Amino acid sequence: MNKDEFRNIDICCRYDGSFYGMLSCIFESFEKREMPIQIKSDDFSMFRMKGIETNEEKAERILNAIPKKIGNEALKYLKLAYLANIEEKEIALIHFLKEGFKCGRKFIQLINTGWCPVKKVVTGALTNKYLEKIQKGVNLLTLDSQRFIQFVRFSEIDGALVSIIEPQNQVLPLISNHFVERYPNEKFLIYDKTHKTGLIYMDGEIRLEHIEEYQMPLLSEKEKDYQKLWKLFYNTVAIEERKNEKCRMNFMPKKYRKNMTEFM
Amino acid sequence: MDIFEKLKILTDSAKYDVACTSSGVDRTSPKGEGIGTARSHGICHSFSSDGRCISLLKVLMSNECVYDCAYCQNRSSKDVKRATFTPKELADLTINFYKRNYIEGLFLSSGVIKSPNNTTELMIETIRILREEYKFYGYIHAKAIPGTGNGLVNELGLLVDRMSVNIELPSSQSLLSLAPDKSKESILKPMGFIKERLNESKELAVYKGVPKFVPAGQSTQMIVGASPETDFSIIKLSEGLYDKYKLKRVFYSAYTPIVESSRLPSLDTKPPLLRENRLYQADWLMRVYGFSAGEILNEDNPMLNPYIDPKCNWAVNNPEKFPIDVNYATHENLLRVPGIGILSAKKIISARKFGRLSFADLKKLGVVLKRAQYFIVCSGKTHENMRINQSRIINSLLSKAALERFLGFQQGVQVSVFDGFSGIERKENNLMALSGQL
Ligand code: SF4
């Protein structure tokens with residue numbers, strides 16, 4: 001057996017869903033040179049389950065090795081991938097890191113341009129289906145977070161700004177900085193209904209919190225007026241002679257419109 | 001009159017202004033005071049049903065006007081309902097829209113209420129409330145009203161991020177006939193003053209705490225299709241403005257007929273959107289790709305071709321410049337190849353450091369060869385060893401129907417061809433819609 005290869009095992013590793021938990025699974029895989037058939041954070045699998053304890057020390061070892069051996073950008077990429085919506089994400093990330101440690105510092109270039117410094121040819125990162133998945137997932141996550149920076153809509157409720165979103169990706173950690181800088185002296189809550197998470201900013205402190213359920217409180221008359229004013233502006237500013245539904249759809253796909261004031 | 005009616009009237013009369021961008025400055029509030037940021041790439045918060053970016057609250061201070069510009073629905077001789085915001089009303093509207101993440105800031109223009117100075121004072125008061133009382137650090141773009149004194153232009157410039165003076169029409173003859181109260185001089189004077197102050201401000205920038213004068217620079221816009229200028233004279237004018245007044249952007253606005261006048265195209269004329277789009281493409285070639293106006297068009301060939309974008313058109317008309325070899329060409333020359341944009345050029349340059357690139361490599365890099373293949377070679381070889389000739393290139397770039405009309409256009413048979421083609425599908429109109437983010 002090639003020493004680079006991992007032995008395939010018919011086991012489903014289960015972890016707690018946390019970032020460190022995922023890294024602990026990855027660590028285990030590298031240490032034993034074993035590739036589990038599944039890695040999941042729920043109980044649904046046809047394969048034999050093996051629980052993996054979250055181990056901070058092991059996780060840190062991976063986190064420290066990446067910048068040294070592959071570079072800071074790869075670490076950033078790994079964190080983004082963790083937040084992204086990627087099928088078989090954990091397994092894909094093992095492949096990602098395996099390739100990464102093999103290629104070394106030029107790895108990110110392979111991801112970004114498709115140039116493989118090991119084989120000295122343009123392979124296209126896309127020849128490896130796992131890398132392709134990760135690349136696609138991360139690109140979508142980045143795009144999604146940009147879109148939510150544009151399209152989040154707040155309502156003012158008792159002096160706080162409140163918004164509900166339903167993103168496919170976990171965008172909150174990526175957009176939090178932007179909104180903290182935008183509203184340094186406000187209180188705000190952005191509730192991610194899909195992932196049941198709230199981004200809460202109060203008294204200059206920002207935090208993420210699990211919130212099982214949240215519904216928009218009743219709106220004050222003043223709030224309703226501002227929403228009406230915005231709709232009025234939105235509908236008035238369009239030029240009839242230039243109508244272009246396709247173009248609007250391109251820049252603001254339907255899936256983002258659900259919680260936007262101008263479409264409610 | 002309530003705020004709803006005012007907002008409706010003053011949005012409706014501002015909507016034909018095209019320069020709704022929030023780009024050009026990066027800023028967060030100092031020490032976390034107040035509210036607001038500006039991002040240099042700009043942010044579009046919504047898109048209206050015409051596909052245009054909504055980035056700023058774009059309204060007039062007032063649609064009262066003592067002037068009588070023929071193309072404008074606010075002109076003094078027209079019987080329309082008039083409204084004027086109070087500075088406080090408008091400042092409150094802006095801050096409340098901003099809090100709800102509807103907008104990046106304010107784009108404030110106005111009709112001339114009593115005099116240019118009087119109008120500018122109202123605008124200054126609005127923006128002063130925003131900046132000083134509400135500590136608003138978001139984006140503000142204000143129009144400088146021609147005829148305003150330098151002192152007030154200066155005061156306004158210290159409060160806003162971008163200022164613009166509208167050129168309105170692409171020649172002084174058209175100004176004289178359609179906007180008799182404005183003259184080339186009254187427009188260029190504030191533009192020149194702003195440029196001077198920008199220069200001074202840059203020199204002073206070494207001293208901390210000196211307030212910045214319009215940090216995102218100045219821009220302008222002109223109406224296309226209301227008057228008879230050719231595209232060549234329009235892009236020549238833009239080139240001059242970029243050179244002489246150091247403008248950040250020139251915006252083009254396809255004339256939408258809203259008033260009946262013997263001096264203007266009839267009311268059923270469609271806005272020349274395709275022409276507007278081509279002008280943006282030509283403008284982009286000048287600003288970003290380093291083309292001069294004279295390379296894009298000339299006296300004998302003064303209109304942009306509706307069937308083919310200006311870069312392709314230039315390439316087709318300059319066969320002696322091609323093919324270029326992707327393995328050796330300069331960055332500038334790579335950018336001149338149809339189908340190769342900024343991103344592809346960058347990828348090619350970083351990848352060729354490692355070795356010679358073949359057509360297969362280009363494909364893997366994600367360079368789209370559909371058009372580029374006719375203009376490039378890889379280490380001397382053409383794509384799939386095809387022979388390149390002029391007619392083949394044109395054939396491949398155009399559909400059959402478009403080809404016939406294109407050839408007619410080339411021979412100057414249909415000089416006014418644009419009039420009939422505003423309905424042609426606009427595939428590349430994304431430029432326009434995104435202008436808020438560029
Ligand atoms: S100055 Fe001319 S273009 Fe401006 S609002 Fe008055 S009439 Fe209209």
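**The ligand site, a buried strand and the chain contact in a predicted complex**

In this predicted model, the ligand is surrounded by B:C65, B:Y67, B:C69, B:C72, B:N74, B:R75, B:G111, B:V112 and B:A179. Sorted by class, this shell consists of 6 nonpolar, 2 polar and 1 charged residues.

A look at chain B as a whole helps to place the details that follow. Its secondary structure amounts to 17 helices and 12 strands. Chain B has 438 residues, and 48% of them count as buried. Among the contacts in chain B with a separation of 6 or more, 72% are between residues 24 or more positions apart.

One strand of chain B, β7(B), is a good place to begin. Strand β7(B) covers residues 139-143, and 5 of its 5 residues are buried, so the strand is largely enclosed by the rest of the structure. From β7(B), B:Y139, B:H141 and B:K143 point one way, while B:I140 and B:A142 point the other way; all are buried.

Strand β7(B) also has partners. To one of them, strand β6 (residues 105-109) of chain B, β7(B) is joined by 4 bridges, and the two run parallel. Within this pairing, B:G105 has B:Y139 as its bridge partner in β7(B). Helix α3 (residues 116-133) of chain B belongs to the picture too, since β6(B), this helix and β7(B) make a right-handed β-α-β unit. Strand β8 (residues 162-164) of chain B is another partner: 3 bridges join β7(B) to β8(B), and these strands run parallel. Here B:A142 stands opposite B:M163 of β8(B). On the way from β7(B) to β8(B) the chain passes through helix α4 (residues 150-159) of chain B, in a β-α-β crossover that is right-handed.

Loops deserve a look as well. B:L304 sits in the loop between α9 (293-296) and α10 (310-317) of chain B. Is this residue buried or exposed? B:L304 counts as buried because it has 24 C-beta neighbours inside 10 Å, where 20 or more are needed. Leaving aside residues up to four places away in sequence, B:L304 touches B:D231, B:R278, B:L279, B:A282, B:L297 and B:P310. One of these, B:L279, is 25 residues from B:L304 in sequence, yet the C-alpha atoms of the two are 7.6 Å apart in space.

Next comes the contact between the chains. Chain A contributes 38 residues to the contact and chain B contributes 45 residues. On the side of chain A that touches chain B, at least two residues each come from α6 (129-151), α7 (172-182), α8 (221-237) and α9 (245-251) of chain A. The largest share of that side, 8 residues, is supplied by α8(A). By class, the residues on this side of chain A divide into 20 nonpolar, 7 polar and 11 charged.

Finally, there is the predictor's confidence. The average pLDDT of chain B is 85, and 87% of its residues score at least 70. Residues 412-438 of chain B are another matter: pLDDT stays under 50 over this stretch, for which the model has 57 contacts beyond four places in sequence. For the complex, the predictor gives an ipTM of 0.87 and a pTM of 0.85.

Conventions
Residues are numbered from 1 along each chain as its sequence is written. Chains are lettered from A and ligands numbered from 1 in the order in which they are written. This is a predicted model: local features need pLDDT of at least 70, side-chain atom pairs count only at pLDDT 80 or more; totals for chains, interfaces and linings use all residues. A residue is near a molecule or strand if its C-beta atom, placed from the backbone, lies within 6 Å of it. Ala, Val, Leu, Ile, Met, Phe, Trp, Tyr, Cys and Pro count as nonpolar, Asp, Glu, Lys and Arg as charged, and the others, Gly among them, as polar. A residue is buried if 20 or more other C-beta atoms lie within 10 Å of its own, exposed if 12 or fewer, and partly exposed in between; C-beta atoms are placed from the backbone. Two residues are in contact if their C-beta atoms, placed from the backbone, lie within 7 Å. Two strands pair if DSSP finds at least two bridges between them. A crossover is right-handed if, with the strands pointing away from the viewer, the path from the first strand over the helix to the second runs clockwise. pLDDT is the predictor's confidence in each residue, from 0 to 100.
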